[in-house]
Amino acid sequence: MDTDNSARSASPAHTGNERALEDGIVTDLTGRMTYGSYLELDQLLSAQHPVSSPEHHDEMLFIIQHQTTELWLKQLIHELGSARILLASDDLREALKRVARVKRIQDVMTQQWSVLATLTPTEYAQFRGALGNSSGFQSVQYRAVEFALGNKNERMLQVFRDHPENLAMLTAEFERPTLYDEFLRFAARRGLAIPTEILERDVREPYRPHASLVPAIREIYENPHTYWDLYEACEDLVDLEDNFQFWRFRHLKTVTRTIGMKVGTGGSSGVSFLQQALELTFFPELYTVRTEIGS
């Protein structure tokens, strides 16, 4: 189809493989907010400091993998915090929007393990000794996410006793109701028979299964047209837990292929310690109810 000459003349010129800049593009950045300044890229991109000597090529990948994970964990904490505030104010729809974003972030975090898995045992062994006792076990943000979802462990607070800011952040999360707590309180306000001992439980304790809660969850699942939003929320929470378990499993498999059965740098038993995490659960009744539905 022919185009008129005015349209052709208005198009940016091309010279070979070079694209001409449009007249409206800002090229004088003096005194302006820029991409780099807004994202503080000078600081961000100067935060990678390999410690191996001589510096090993693959240590940069190891650092960036873990720094990227920490950035995503920060966003998870941000989203889970907001989701709980929204649930407490009876805004389930907006809270589920936060959970949907959490699930997408989890997908990205899980896929990242495939990048680190390109690090062979021979390559990792050449700089692993330089890491000292540094370990993902010491990630305060990872612990905050686990606390937000219900896997609370007061002993973990002691790991951060020498870092007051981290200790304060994790202590605040330790004392705060979990995502499940806020969901169940919301369900109770909607008229579901949530047992009092759950609604009034000490939120500093790890969440443990309550057989007395299963009938209320079953009512949601067996009456989806009456409780559609709660029904949808339950499935979103199951998605979230499944995703977390996939992340844990990919972590386990990446560690297995990289160091085998060696002891972890932080002193844990390594693979067997990670294996135990696969037994942890956040929302047990959402799984228990599946055995009863249709029975």
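**Figure 1. P54 lies in the loop between α3 (41-44) and α4 (59-88).** The model shown is predicted. Within this view, S53 and P54 are joined by a cis peptide bond. The omega angle of the bond between S53 and P54 is about 0°. As a general point of reference, most peptide bonds are trans.

**Figure 2. E40 occupies the loop between α2 and α3.** The phi angle of E40 is positive, at about 50°, although E40 is not a glycine. For comparison, most residues other than glycine have a negative phi. The relative accessible area of E40 is 48%, so the residue is classed as partly exposed, a class that runs from 20% to 50%.

**Figure 3. D90 is found in the loop between α4 and α5 (92-116).** D90 is likewise not a glycine, and its phi is positive, at about 65°. With a relative accessible area of 45%, D90 counts as partly exposed.

**Figure 4. A nonpolar surface patch is formed by M33, Y35, Y38 and L39.** The area of this patch is about 540 Å². One of its members, M33, is placed in the loop between β2 (18-19) and α2 (35-38). Is M33 buried or exposed? The relative accessibility of M33 is 63%, and M33 therefore counts as exposed, since the cut-off for that class is over 50%.

**Figure 5. The whole chain provides the setting for the close-up views and contains 14 helices and 2 strands.** The chain is more spread out than a compact globule, because its radius of gyration is 25 Å, well over the 19 Å that the globule rule gives for 295 residues. Measured out along the principal axes, the C-alpha trace has spans of about 70 × 60 × 40 Å. Buried residues make up 39% of the 295 residues in the chain. The accessible surface of the chain is about 17,500 Å², and carbon and sulfur atoms account for 54% of this surface. Contacts between residues at least 6 apart in sequence were also examined; of these, 70% link residues that are at least 24 apart.

How values were computed. Residues numbered from 1 in each chain as written. Predicted model: local features only at pLDDT ≥ 70, side-chain atom pairs only at ≥ 80, totals over all residues. Heavy atoms only, no water. Patch = residues over 30% accessible without salt bridge, like charges linked within 9 Å, V, L, I, M, F, W, Y side chains within 5 Å. Areas by Shrake-Rupley, 256 points an atom, 1.4 Å probe, with all protein chains shown as cover. Salt bridge = Lys/Arg side-chain N within 4 Å of Asp/Glu carboxyl O. Helix = DSSP H or I, 4+ residues; strand = E, 2+ residues; numbered from the N terminus. Buried < 20%, exposed > 50% of the residue type's maximum accessible area, 1.4 Å probe, protein only. Rg over C-alpha atoms; globule rule 2.2 N^0.38 Å. Contact = heavy atoms within 4.5 Å.
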